[in-house]
Amino acid sequence: MAKTPWAKFSLPGDGASYARGESREFRQTLREVFGPLVEWVPAFPSGRHLWLMVEVPAEGSLSTLFRDLEKRLAPSGSLWAVLPKKPFAAERSFPFSWNDVQQAGLSAGLVDNKIAAFSPRLTSIRFVIPVARRIASARSVRETR
């Protein structure tokens with residue numbers, strides 16, 4: 001049995017999935033790989049979500065981006081950060097390295113646990129909330145009940 005093109009991205013079974021990104025390549029690949037399974041949005045809806053994907057913008061602060069995204073992620077959710085592969089970063093005027101993106105995610109309190117090719121020129125890194133923080137969060141919710 002052939003794997004679906006989106007299998008490596010671990011979509012949630014019953015939750016909404018959102019993606020934000022501006023480049024033509026990102027949006028086209030999003031449609032090709034996920035079809036109607038992931039909704040492109042100009043801004044993420046409020047609340048916490050099980051699955052988010054963001055094309056890392058070339059402008060702005062990575063730390064601000066990841067701090068904002070961490071707040072939008074459900075405790076067991078996945079955040080996929082999409083960025084140009086190293087050979088294509090210069091032509092896209094992308095100023096950050098893979099390590100810069102990884103460190104920004106880690107500094108926001110997330111952990112990276114998977115890398116997947118998004119397209120021939122784009123790669124992606126999956127970030128999640130560390131298990132210890134998920135457990136602590138669940139414990140504090142139970143204690144306040």
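This briefing walks through the cores, the salt bridges, the main pocket and a few individual residues of the structure above. Please keep in mind that the model is a predicted one. Two separate nonpolar cores are present, the largest with 24 residues and a second with 14. Five salt bridges turn up in a search of the whole structure, and Glu25, Glu55, Glu91, Arg92 and Arg121 are joined into one network by bridges that share partners.

**Nonpolar cores**

- Within the largest nonpolar core, which counts 24 residues, Phe66, Leu79 and Val101 have the most contacts.
- Two or more residues of this core come from each of these elements: strands β3 (49-55), β4 (73-84) and β6 (122-128), together with helices α2 (62-72) and α4 (98-107).
- A separate, second core is made of 14 residues, among them Val33, Phe34, Met53 and Leu122.
- Leu79 is a good place to start looking at the packing. Leaving out residues up to four places away in sequence, Leu79 touches Leu52, Val54, Phe66, Leu69, Leu73, Leu110, Ile125, Arg126 and Phe127.

**Two buried positions to look at**

- Gly105 sits in helix α4 and is buried, its relative accessible area being 0%.
- Beyond residues up to four places away in sequence, Gly105 touches Phe66, Leu110 and Phe127.
- Gly105 and Glu70 are 35 residues apart along the chain, with 8.4 Å between their C-alpha atoms.
- Val128 belongs to strand β6 and is also buried, at a relative accessible area of 7%.
- The contacts of Val128, again without neighbours within four places in sequence, are Leu73, Gly77, Ser78, Leu110, Val111, Asn113 and Arg134.
- From Val128 to Gly109 the C-alpha to C-alpha separation is 8.9 Å, across 19 residues of sequence.

**Salt bridges**

- As general background, side chains of opposite charge can pair when their charged atoms come close.
- Arg92 and Glu25 form a salt bridge through their side chains, at 3.9 Å from N to O. Because Arg92 is in the loop between α3 (86-89) and α4 while Glu25 is in helix α1 (residues 24-34), this pair ties together parts that are 67 residues apart in sequence.
- The two partners are placed as follows: Arg92 is partly exposed, with a relative accessible area of 23%, whereas Glu25 counts as buried at 18% relative accessibility.
- Glu25 also meets Arg121 in a salt bridge, here at 3.0 Å from N to O. This pair links distant parts of the chain, 96 residues apart, with Glu25 in helix α1 and Arg121 in the loop between β5 (111-117) and β6.
- Arg121 is partly exposed, at a relative accessible area of 27%.
- The side chains of Arg121 and Glu91 form a further salt bridge, at 2.3 Å from N to O. Glu91 lies in the loop between α3 and α4 and Arg121 in the loop between β5 and β6, so parts that are 30 residues apart in sequence are tied together by this pair.
- Glu91 is exposed, with a relative accessible area of 52%.
- Through shared partners, Glu25, Glu55, Glu91, Arg92 and Arg121 become one network of salt bridges.

**The largest pocket**

- The volume of the largest pocket is about 240 Å³.
- Its lining consists of 14 residues, and those that lie nearest the centre are Glu22, Glu55, Val56, Pro57 and Ala58.
- By residue type, the lining of the largest pocket divides into seven nonpolar, two polar and five charged residues.
- Glu55 is worth a second look, as one of the residues nearest the pocket centre and a member of the salt-bridge network.

**Backbone points to check**

- Ser10 is not a glycine, yet its phi is positive, at about 50°. Ser10 lies in the segment before β1 (17-20) and is partly exposed, with a relative accessible area of 33%.
- Ser93, another residue other than glycine, has a positive phi near 55°. Ser93 is in the loop between α3 and α4 and is exposed, at a relative accessible area of 58%.
- The loop that holds Ser93 is also where Glu91 is found and where Arg92 is found.

Technical notes
Residues are numbered from 1 along each chain as its sequence is written. This is a predicted model: local features need pLDDT of at least 70, side-chain atom pairs count only at pLDDT 80 or more; totals for chains, interfaces and linings use all residues. Side-chain values use heavy atoms; hydrogens and water are left out. On a 1 Å grid over the protein atoms alone, a cavity is a set of points where a 1.4 Å probe fits but cannot get out, and a pocket is an open set with protein on both sides within 12 Å along at least five of seven lines; lining residues have an atom within 4 Å of a point. Grid points are joined across faces, edges and corners, and a volume is the space filled by probe spheres set on the points. Ala, Val, Leu, Ile, Met, Phe, Trp, Tyr, Cys and Pro count as nonpolar, Asp, Glu, Lys and Arg as charged, and the others, Gly among them, as polar. A nonpolar core is a set of buried Ala, Val, Leu, Ile, Met, Phe, Trp, Tyr and Cys residues joined through side-chain atoms within 4.5 Å. Buried means under 20% relative accessible area, exposed over 50%, partly exposed in between (1.4 Å probe, protein chains only). Helices (H or I, at least four residues) and strands (E, at least two) are DSSP runs, numbered from the N terminus. Contact means heavy atoms within 4.5 Å. A salt bridge is a side-chain nitrogen of Lys or Arg within 4 Å of a carboxyl oxygen of Asp or Glu.
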